[in-house]
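Here is a friendly walk through one protein model, meant to be read with the coordinates open beside you. Feel free to rotate the view as you go.

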Amino acid sequence: MSENTPNDVIQQIEKHYDHLSPSSKSIAHYLQKNPIAVISQSTSTIAEKTNTSKATVSRFFRQLGFESHQQAKDAIITLREQGVPVVPPSSNVQQVESEISNLRHTFDGTSLESLNAVAKLLASAKQVTLIGFRNAYPIALHFRQQLKQIRSSVRVLPQPGQTLSEDIIDFTEDDVVVLFGFRRRTRQFKYILENIKHCKIVLITDPTGQIYRQQVAHLLVSHIGSDAPFDSYAAPMSLVATLCNLTYNELGNIAAQRVDAITDIYLKMDELENSNK
């Protein structure tokens, strides 16, 4: 597929709608209501559903900028592989099986030695900075919430409405940075890596992020793909939970004492609801 090939059928319909023939508009209406049909139905089936001919359907896709119906299918599948929410051919989403598969592949591909090495860094660092954008941001927030219960000096970047440069300038070689970067990463991702390369970097990413392996101290691959329109972040969250548990073990009594102290303040400030009521 050339770089100039369109990749979103629905967007192309909107772009070219005014110039479509009445028959092509019937096909456009059908696909707008049933976008899954582009990849789940044959040219002849689409023709039957829209009371048109196979030739008209083929001509319709060429009018949108595709060489053929097959190329339109391939474009949508490519989008899904890049992380774009697109309905796949399969209509029966087995969410549990998908999650189990992602978890299995994530932990089968990650050695306990690697996890323990990252936990040691998280336990001994003077400061831990967690950086995440888009879908990775809430994972970074959760990671911070867990780590803050067992150690001090944990922060999340970027702060809402803020840029990163003011914080990155202060990083030293002693800083431990956990960077989250899943597919459809922001354009600035590679520049962040370049400007924090003097730090101890842990990159948590999906398989596409392995291109950055040589630029980080530790790289943990987490699988997020599914047969549904949206990616699943169950595996990255499980990986975060594992790292927090291992870090707790590394800190030992220090972590336990901090947990007790925080629990005591919870009680004094009456911040949490009483689960005994």
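What follows covers the overall make-up, then the strands, the cores and a few helices.

## Overview

Please keep in mind that this is a predicted model. The protein has 13 helices and five strands. Of its 277 residues, 41% are buried. Among contacts with a separation of 6 or more, 66% join residues that are 24 or more positions apart.

## The parallel strands

A good place to start is β1, which spans residues 128–131 and pairs in the parallel sense with β2, residues 154–157, over four bridges. Within that pairing, Thr 129 stands opposite Arg 155 in β2. To get from β1 to β2 the chain passes through helix α9 (residues 137–147), and this β-α-β crossover is right-handed.

β1 also pairs with β3 in the parallel sense, again over four bridges. Here Thr 129 has Val 177 of β3 as its bridge partner. β3 in turn runs parallel to β4, and six bridges join the two. Val 177 is bridged to Ile 201 in β4. The connection from β3 to β4 goes through helix α11 (residues 189–195), and that β-α-β crossover is right-handed.

The strand pairings can be set side by side:

| Strand pair | Sense | Bridges | A residue pair in it |
|---|---|---|---|
| β1 and β2 | parallel | four | Thr 129 and Arg 155 |
| β1 and β3 | parallel | four | Thr 129 and Val 177 |
| β3 and β4 | parallel | six | Val 177 and Ile 201 |

How many of the six residues of β3 are buried? Six of the six are, so β3 is largely enclosed by the rest of the structure. In a regular strand, side chains alternate between the two faces of the sheet. In β3, one side carries Val 176, Val 178 and Phe 180, the other carries Val 177, Leu 179 and Gly 181, and both faces are covered, as these residues are all buried.

## Two nonpolar cores

Nonpolar side chains in soluble globular proteins tend to be buried together. In this model the largest nonpolar core has 33 residues, and those with the most contacts inside it are Leu 122, Phe 143, Val 178, Phe 180 and Ile 204. The elements giving two or more residues to this core are α8 (112–124), β1, α9, β2, β3 (176–181), β4 (200–205) and α12 (234–251).

Which residues does Ile 204 touch, leaving aside its neighbours within four places in sequence? Its contacts are Phe 143, Val 178, Leu 179, Phe 180, Gly 181, Phe 182, Leu 220, Leu 239 and Leu 243.

Apart from this core lies another, of 20 residues, with Ile 27, Tyr 30, Leu 31 and Phe 66 among them.

## Helices α2 to α5

Helix α2 (residues 22–33) has twelve residues, which at 1.5 Å a residue should span 16 Å; the 17 Å between its end C-alpha atoms agrees with that. Its buried residues are Ser 24, Ile 27, Ala 28, Tyr 30 and Leu 31. They cover an arc of only 165° around the axis, which puts them on the same side of α2. On the other side of α2, Pro 22 and Lys 33 are exposed. The buried residues of α2 pack against α1 (9–16), α3 (37–40), α4 (43–49) and α5 (54–63).

α5 has its own buried set: Thr 56, Val 57, Phe 60 and Phe 61. Seen down the axis of α5, these fall within an arc of 135°, so they line one face of the helix. After α5 comes Gly 65, whose phi is positive, near 110°.

Is Ala 55, also found in α5, buried or partly exposed? With a relative accessible area of 46%, Ala 55 is partly exposed. Its C-alpha atom is separated by 9.1 Å from that of Ser 44, eleven residues apart along the chain.

Thr 43 has its place in helix α4, and at 17% relative accessibility it counts as buried, the cut-off being under 20%. Beyond its neighbours within four places in sequence, Thr 43 is in contact with Lys 54, Val 57, Ser 58 and His 69.

Finally, Ser 40 lies in helix α3 and is partly exposed, with a relative accessible area of 37%. Ser 40 and Lys 73 are 33 residues apart in sequence, while their C-alpha atoms are 8.7 Å apart in space.

Methods
Residues are numbered from 1 along each chain as its sequence is written. This is a predicted model: local features need pLDDT of at least 70, side-chain atom pairs count only at pLDDT 80 or more; totals for chains, interfaces and linings use all residues. Side-chain values use heavy atoms; hydrogens and water are left out. Two strands pair if DSSP finds at least two bridges between them. A crossover is right-handed if, with the strands pointing away from the viewer, the path from the first strand over the helix to the second runs clockwise. A nonpolar core is a set of buried Ala, Val, Leu, Ile, Met, Phe, Trp, Tyr and Cys residues joined through side-chain atoms within 4.5 Å. Buried means under 20% relative accessible area, exposed over 50%, partly exposed in between (1.4 Å probe, protein chains only). Contact means heavy atoms within 4.5 Å. The expected span of a helix is 1.5 Å times one less than its number of residues. The arc is that of the directions from the helix axis to the C-beta atoms.
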